[in-house]
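Morning, everyone. I'll take a few minutes to walk you through one model, so have a look at the screen.

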Amino acid sequence: MNTPESFDFTPEMIEIPEIFRSSLDKKPFEKCISCETYLLDEGVTYFIEKSVRNYKDHGVTDTVFEYAMCIDCMERMRQAVSTESLQRMEEYFLSQVNPLERQLLMLNNEETLNIEPWIENCIVKGTPKTELDEYQLHCQCFGKQMVFTYMPYMIGGEAMEEMAELLSAKSRGEIDNFMDDNFGLPPELKKELGDFKYVLI
């Protein structure tokens, strides 16, 4: 979810942490999933999203899908979703989260550049990551660095489900097509995931 706010400040940036790198080889994402633009050049703005299953009984997690998308493709993806759906999702998000307040609070924290406090609780519900069955991780990057704004953040399954319910059937179809085109989940995995919810950034 992109906030409609923009802040006039020099953001803190760090090398992209391992949690926002590829789960397969632990290397930074190099290409946009949609247009294959090279992302690691200085000044290239893009977003990373990961969806994670948390098997609490076994103390392990599994990445369901992950990708990086350049800002231009992200905007095109958002334009494919209906204006009404985007408005409802943004109204929901901003009714639960004050991006500027979060940013100021986190950047004034003594652990500003420690990634964990930013993603240890659902940004909407406040639920600890360890108590969730599923969640998504989101961040914004510039080239080889991750930037701290109101991102990075984690959003849990309950909030994802509430946001997904705000999407029109057409918008839900656009997101389903994006998932099928880019990840092509086999039928057995789709059955295993069941009603796993996902919400594009």
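I'll go from the overall chain to a few particular spots.

First off, this is a predicted model, so let's start with confidence. The protein chain averages a pLDDT of 84, and 84% of the residues score at least 70. Two stretches to watch: over residues 2-8 the pLDDT is below 50, though the stretch still has 13 contacts in the model beyond near neighbours in sequence. Residues 188-196 also come in below 50, again with 13 contacts beyond near neighbours. Where pLDDT is low, the predicted coordinates shouldn't be read in detail.

Okay, the layout. The protein chain has seven helices and six strands, and if you read along the sequence you get β-β-β-α-α-α-α-β-β-β-α-α-α. Of the 201 residues, 47% are buried. Take the contacts between residues at least 6 apart in sequence: 72% of those join residues at least 24 apart. The accessible surface is about 10,700 Å², and carbon and sulfur atoms account for 46% of that.

Now the inside. In soluble globular proteins, nonpolar side chains tend to be buried together. Here the largest nonpolar core has 53 residues, and Tyr46, Met146 and Ile155 have the most contacts inside it. Which strand gives the largest share of this core? That's β3, residues 60-70, with six residues. As for Ile155, leaving out residues up to four places away in sequence, its partners include Cys122, Ile123, Val124, Tyr135 and Met160. His138 and Gln136 are among the residues it touches as well.

On to the aromatics. A search of the whole structure turns up five aromatic pairs. One of them is Phe65 with Tyr67, a stacked pair at 6.4 Å centre to centre with 15 degrees between the planes. Both Phe65 and Tyr67 are buried. Then there's Phe93 with Tyr153: the ring centres are 5.9 Å apart and the planes sit at 40 degrees, so this pair is tilted. This one links distant parts of the chain, with Phe93 in helix α2 (residues 83-96), Tyr153 in strand β6 (residues 153-156), and the two positions 60 residues apart. Phe93 counts as buried, at 1% relative accessibility, and so does Tyr153, at 2%. Add Tyr150, and Phe93, Tyr150 and Tyr153 make one aromatic cluster.

Next, helix α1, residues 71-80. Its buried residues are Cys73, Met74, Met77 and Arg78. Why do we say they're on the same side of α1? Because they cover an arc of only 145 degrees around the axis. Turn to the face away from that buried side and you find the exposed residues Asp72 and Gln79. Do note Arg78 in the buried set there.

Last stop, Pro128. You'll find this residue in the loop between α4 (116-119) and β4 (134-142). Buried or exposed, or something in between? Pro128 is partly exposed, because its relative accessible area is 27%, and the partly exposed range starts where buried ends, at 20%. Setting aside neighbours within four places in sequence, Pro128 is in contact with Glu120 and Asn121. And Pro128 lies 8.8 Å from Gly156, C-alpha to C-alpha, with the two 28 residues apart in sequence.

That's my tour; happy to go back to any of these spots.

Technical notes: Residues numbered from 1 in each chain as written. Predicted model: local features only at pLDDT ≥ 70, side-chain atom pairs only at ≥ 80, totals over all residues. Heavy atoms only, no water. Buried < 20%, exposed > 50% of the residue type's maximum accessible area, 1.4 Å probe, protein only. Helix = DSSP H or I, 4+ residues; strand = E, 2+ residues; numbered from the N terminus. Arc of directions from axis to C-beta. pLDDT = per-residue confidence, 0-100. Contact = heavy atoms within 4.5 Å. Areas by Shrake-Rupley, 256 points an atom, 1.4 Å probe, with all protein chains shown as cover. Core = buried A, V, L, I, M, F, W, Y, C linked by side-chain atoms within 4.5 Å. Phe/Tyr/Trp six-rings, centres within 6.5 Å; stacked < 30°, edge-to-face > 60°.
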